Structures are given as C-alpha cells and as structure tokens.
Amino acid sequence: LAREEGRQEGRQEGRQEGKQKGKAALLLKLLQRRFGPLPGWASEKILSADQELVEDWFDQALDARSLEEAFAERS
C-alpha cells in the first residue's frame, strides 16, 4: 500500500514538473518572439521560478514594451 502511494505521489510530482517546464518554455518562446534573443539572466530567472510567477510574467509579457517590463513587479 505504501509503495503504491509512493508511486502515485511520484507520478503527480512528475506531472506538476512537466506543467511547470511547459509553461516556462512557452514564456521563453513568447519573450524571444517579442524581444529577440534573450540574455542568460532572463532564461535563468524563468527556469528557476515557480509556476505562479511564470504565469504572472506570461500575462505581463503580453503587453510589455520591453523585456524588463515583462519582469517588473506589480504593485
């Protein structure tokens, strides 16, 4: 029973990680399309962020006039 629960947890974590990587990849693609080749700091920032932050940045990137504006903290 414990073994099966462990497997289910592992699968769930794998799905979450896959979603996170997918969202990060989409944000990277959007930013590259809008602003050209990305500096290393931008890619690193996206790849190390949690899912909620990546979603926020994606929303901001849709209207941002610069790469820096896409990452600006909202007040």
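Which helix is Val54 found in? Val54 sits in helix α3, and the views below work outwards from there. This is a predicted model, in which local features need pLDDT of at least 70 and side-chain atom pairs count only at pLDDT 80 or more, while totals for chains, interfaces and linings use all residues. Residues are numbered from 1 along each chain as its sequence is written, and side-chain values use heavy atoms, with hydrogens and water left out.

**View 1. Val54 and the residues it touches.**
Start at Val54 in helix α3; helices here are DSSP runs (H or I, at least four residues), numbered from the N terminus. Val54 counts as buried because its relative accessibility is 1% (buried means under 20% relative accessible area, exposed over 50%, partly exposed in between, with a 1.4 Å probe and protein chains only). Skip the residues up to four places away in sequence, and Val54 touches Gln20, Lys23, Ala24, Leu27, Ile46 and Ala49; contact means heavy atoms within 4.5 Å. Leu28 is 26 residues from Val54 in sequence, and their C-alpha atoms are 9.9 Å apart in space.

**View 2. Gln20 and its link to Ala49.**
Now hop over to Gln20, in helix α1, which covers residues 2–35. Gln20 has a relative accessible area of 15%, so it is buried. A polar atom of the Gln20 side chain lies 2.6 Å from the backbone oxygen of Ala49. For a polar contact, look for a pair of N or O atoms within 3.5 Å; within protein, one must be able to donate a hydrogen and the other to accept it, and residues adjacent in sequence count only if both atoms are side-chain atoms. Leaving aside neighbours within four places in sequence, Gln20 is in contact with Ile46, Ala49, Asp50, Gln51 and Val54.

**View 3. The largest nonpolar core.**
Here you're looking at a set of 16 residues, the largest nonpolar core. Such a core is a set of buried Ala, Val, Leu, Ile, Met, Phe, Trp, Tyr and Cys residues joined through side-chain atoms within 4.5 Å. Leu27, Leu31, Ile46 and Phe71 have the most contacts inside the core. Two or more residues come from each of α1, α2 (40–48), α3 (51–63) and α4 (67–70), and α1 gives the most, with five. Zoom in on Ile46: setting aside neighbours within four places in sequence, Ile46 is in contact with Gln20, Ala24, Leu27, Leu28, Leu31, Val54, Trp57 and Phe71.

**View 4. Helix α1 against helix α3.**
These two helices pack at an angle of about 20°, and the axes of α1 and α3 are 10 Å apart. That angle is why α1 is roughly parallel to α3. Axes are lines fitted to C-alpha atoms, for helices over the stretch in contact, and angles run from 0 to 180 degrees between N-to-C directions. Angles under 35 degrees count as roughly parallel, over 145 as roughly antiparallel, 65 to 115 as roughly perpendicular and the rest as oblique. The α1 and α3 crossing is left-handed (left-handed if the near helix is turned anticlockwise from the far one by less than a right angle, right-handed if clockwise). Residues making the contact include Gln16, Lys23 and Arg34 of α1, along with Glu55, Phe58 and Asp63 of α3.

**View 5. Helix α1 against helix α2.**
For this pair, the angle is about 155° and the axes of α1 and α2 are 9 Å apart. That makes α1 roughly antiparallel to α2, and their crossing is right-handed. On the α1 side the contact is made by Gln20, Ala24, Leu27, Leu28 and Leu31, and on the α2 side by Ser43, Ile46 and Leu47.

**View 6. Leu47 and Ala42, both from helix α2.**
Leu47 is found in helix α2 and is exposed, with a relative accessible area of 59%. Not counting neighbours within four places in sequence, Leu47 is in contact with Ala24 and Leu28. Ala42 has its place in α2 too, but Ala42 is buried, with a relative accessible area of 0%. Beyond residues up to four places away in sequence, Ala42 touches Leu67 and Phe71.

**View 7. Gln60 and Leu53 on helix α3.**
Gln60 is found in helix α3 and counts as buried at 14% relative accessibility. Its contacts, leaving out residues up to four places away in sequence, are Glu69, Ala70, Phe71, Ala72 and Arg74. Leu53 also lies in α3, and at 35% relative accessibility Leu53 counts as partly exposed.
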